[in-house]
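These are my notes from a session with one model, taken down in the order in which I looked things up. I begin with a term that I need for an early entry.

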Amino acid sequence: MAKKANSTTTKKTTKSKSSKKKKRNVFQEIRTFFGNDKFHKILGLFLLLFSLILFFSFTSYFFTWQADDYMKQGDEARNWVGTAGRAISKLFIERWFGIASYGFVLLLFVYGIRLLFKYTLLPLWKTTRLSVLALIWFSLSFGFLFGSHQTLSILGGEFGAIYAGWLNSAVGK
């Protein structure tokens, strides 16, 4: 009977070791999935295409924003990318950061090129830092300069207008 007790204890230890291996394998599989070259290429292509869509929708927004702003239900958007481009550009430019939203285009393009072709156009960390700084700085500056203007207030976006007003009340002009 002593032999059976030993065999059951060895089975328990092998089961606990195999369950630990399964946990490691799940994390290992996730790690290999995100480290896979195919995943990098698909993500890079997606980022590259999305940056081009953002670029064209943002650029078109500055030509067609007045017509798209007063669009009725069922009308076609005048934005070059269509209704989705109108919605995206209205969100990024009018509601968020204004013209500084082109920083997102730059970041997505640089990261897309890096992932797709494994080529670095600009240093990634430095580009990210400067783009985020420029995003905040230009939005605040244009919000301060044009926040009260009827048509030019979109240059700073709502972020720039709100935080420039907050800075005016906190610090003064």
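Before anything else I fixed the cut-off for burial: I call a residue buried when its relative accessible area is under 20%, and exposed when that value is over 50%, with partly exposed in between.

Entry on confidence. I noted at the outset that this is a predicted model, and I looked up how far the predictor trusts it: the mean pLDDT of the protein is 83, and 84% of its residues reach 70 or more. Confidence is lowest in helix α1 (residues 2-35), where the mean is 62, and it is highest in helix α4 (residues 102-117), where the mean is 95. Where pLDDT is low, the predicted coordinates should not be read in detail.

Entry on the overall make-up. I counted six helices and zero strands in the protein. Buried residues make up 27% of its 173 residues. Taking the contacts with a separation of 6 or more, I found that residues 24 or more positions apart account for 61% of them.

Entry on Gly44. I asked myself whether Gly44 is buried or exposed. Gly44 lies in helix α2 (residues 37-69), and its relative accessibility is 0%, which is under the 20% limit, so Gly44 counts as buried. Leaving out residues up to four places away in sequence, I found that Gly44 touches Gly112, Leu115 and Leu116. I also looked up its distance to Phe109, which is 65 residues away in sequence, and the C-alpha to C-alpha value is 8.7 Å.

Entry on α2 with α4. The two helices pack at an angle of about 155 degrees, and their axes are 7 Å apart. Angles over 145 degrees count as roughly antiparallel, and α2 and α4 are therefore roughly antiparallel to each other. The crossing in which α2 passes α4 is left-handed. By class, I recorded 17 nonpolar, five polar and one charged among the residues of this contact.

Entry on α4 with α5. Next I took α4 together with helix α5 (residues 124-146), and I found an angle of about 165 degrees with the axes 9 Å apart; the two are therefore roughly antiparallel to each other. This crossing, too, is left-handed. On the α4 side the contact is formed by Gly103, Phe104, Leu106, Leu107, Val110, Tyr111 and Arg114, which meet Leu124, Thr127, Thr128, Ser131 and Leu135 in α5. Sorted by class, the contact has seven nonpolar, four polar and one charged residues.

Entry on Lys118. This residue lies in the loop between α4 and α5, and I wrote down its backbone angle, since Lys118 has a positive phi of about 55 degrees although it is not a glycine. Most residues other than glycine have a negative phi. At 49% relative accessibility, Lys118 counts as partly exposed.

Entry on α3 with α6. Which way do α3 and α6 run relative to each other? The axes of helix α3 (residues 83-97) and helix α6 (residues 157-171) come within 2 Å and cross at roughly 0 degrees, and the two helices are therefore roughly parallel. The residues in contact are Ile93, Glu94, Arg95, Trp96 and Phe97 of α3, together with Gly157, Glu158, Phe159 and Gly160 of α6. I sorted these into four nonpolar, two polar and three charged residues.

Key
Residues numbered from 1 in each chain as written. Predicted model: local features only at pLDDT ≥ 70, side-chain atom pairs only at ≥ 80, totals over all residues. Heavy atoms only, no water. pLDDT = per-residue confidence, 0-100. Helix = DSSP H or I, 4+ residues; strand = E, 2+ residues; numbered from the N terminus. Axes fitted to C-alpha atoms, helices over the stretch in contact; angles between N-to-C directions. Parallel < 35°, antiparallel > 145°, perpendicular 65-115°, else oblique. Left-handed = near helix turned anticlockwise from the far one by under 90°. Contact = heavy atoms within 4.5 Å. Nonpolar A, V, L, I, M, F, W, Y, C, P; charged D, E, K, R; others polar. Buried < 20%, exposed > 50% of the residue type's maximum accessible area, 1.4 Å probe, protein only.
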